[in-house]
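Welcome! Here is a short tour of the open spaces and the metal site in this structure. Take a look at the model, and then read on.

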Amino acid sequence: MLIDTHCHLSFNAFDDDWKNAVKRAQKKDVQMVCVGAARATSEKSVTIAEESDGVFASIGMHPTHVLDEEFDVAWFSKQARNPKVVAIGETGVDHYHLDEARKGEILAKQDVLLKQHLQIAKENNLPVILHTRDGKTESTGEAYNHLIRVLKEFGYYKGVVHCFGGDWETAQQLLDLGLMISFTGIVTFKNASESLREVVKNVPADRFMVETDAPYLAPEPFRGKQNEPSYVEHVARGIALIRGEDYDTLASQTTKNARTFFNLS
Ligand code: NI
């Protein structure tokens, strides 16, 4: 059994096919956390989770939507109490998809948005799912530094940095704060960076999880196709290969990590 800790079945790419995607995952004994990125996709994530066995929801607003809609704290706080909601997010910092001329203003708004999520997570004792992406002209790791600064200002570290793509030094900083990290199908790509492989090799067995980030980032041998939770096995196999570990041991360890982290029964 595996848990895909981050997929977006609530996105338009799946439309009504999310039901079939869930069935294909169930057939492979894969459970999942369906992650919202704005109010509508969060609402749909909750619906999908309520209608499906082995599917849980995370609700939040992605930093790239900071100018698109007002973050409705009351609505998200209420939804957070739904027993099928196991996390808050995804949220975080994104230096990539923004109007460079308004960068300072937008990043300041992302700080506020992230802290609003941290507050809801803290009030409900839920973990938070964190996104980071460096700007086009920035040096590597700027977004991680930004994320770490905001987390320290607020003081809540029950979280996972999803789709981790930083170096080992950055990973250690996050782990030292108490955060988890998770890996996507990028670890299966032939051109995966040496620094990512180093992180996969070095991260302690109880501090990472697997995810698809479906519909994006399909792992090998499905690279380029629409990703889905049933493919998460290939992410776990890629990690086992890099770490030189037995697949079954790794699969049960990462499942245990996800169960503990999201408090799944
Ligand atoms: Ni995502």
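## A small enclosed space

Let us start on the inside of this predicted model. The largest cavity is lined by Cys163, Phe164, Phe183, Thr184, Ile186, Val187 and Leu196. About 30 Å³ of space lies within this cavity, and the count of cavities of 30 Å³ or more comes to one.

What classes of residue make up the lining of the largest cavity? Six are nonpolar, one is polar and none is charged.

## The largest pocket

Next come the pockets, which are open. The largest pocket has a volume of about 760 Å³. Its lining is made of 31 residues, and those nearest the centre are His131, Thr132, Arg133, Cys163 and Leu217. You have met Cys163 already, since Cys163 is also one of the residues lining the largest cavity.

Which elements contribute to the lining of the largest pocket? At least two residues each come from strand 4 (85–94), strand 5 (128–133), helix 5 (142–154) and helix 7 (194–202). Strand 5 supplies the largest share, with three residues. Sorted by class, the lining of this pocket holds 10 nonpolar, 15 polar and six charged residues.

## The second largest pocket

The second largest pocket has a volume of about 220 Å³. Around this pocket you will find Met61, Val66, Leu67, Asp68, Glu69, Glu70, Phe71, Lys109, Val112, Leu113 and Gln116. Six residues of this lining are nonpolar, one is polar and four are charged.

## The nickel site

Now for the metal. Which residues coordinate the nickel ion? The donors are His6 and His8, each through NE2, together with Glu90 through OE and Asp213 through OD, at 2.1 to 2.5 Å. Along the chain, these donors follow the spacing H-x1-H-x81-E-x122-D. One pair links distant parts of the chain: histidine 6 belongs to strand 1 (residues 2–7) and glutamate 90 to strand 4, and the two are 84 residues apart.

Are these two residues buried or exposed? Histidine 6 is buried, because its relative accessible area is 1%, and buried means under 20%. Glutamate 90, at 2%, is likewise buried.

Why is the arrangement around the nickel ion called irregular? The four donor atoms subtend angles of 83 to 172 degrees. A tetrahedral arrangement would need all angles to lie between 85 and 135 degrees, so the range seen here does not fit that description.

Key: Residues numbered from 1 in each chain as written. Predicted model: local features only at pLDDT ≥ 70, side-chain atom pairs only at ≥ 80, totals over all residues. Heavy atoms only, no water. 1 Å grid on protein atoms, 1.4 Å probe; cavity = no way out; pocket = protein on both sides within 12 Å on 5 of 7 lines; lining within 4 Å. Points joined across faces, edges and corners; volume = space filled by probe spheres on them. Helix = DSSP H or I, 4+ residues; strand = E, 2+ residues; numbered from the N terminus. Nonpolar A, V, L, I, M, F, W, Y, C, P; charged D, E, K, R; others polar. Donors = N, O, S within 2.8 Å, 3.2 Å for Na, K, Ca; no water. Tetrahedral: all angles 85-135°; square planar, octahedral: opposite > 155°, others 65-115°. Buried < 20%, exposed > 50% of the residue type's maximum accessible area, 1.4 Å probe, protein only.
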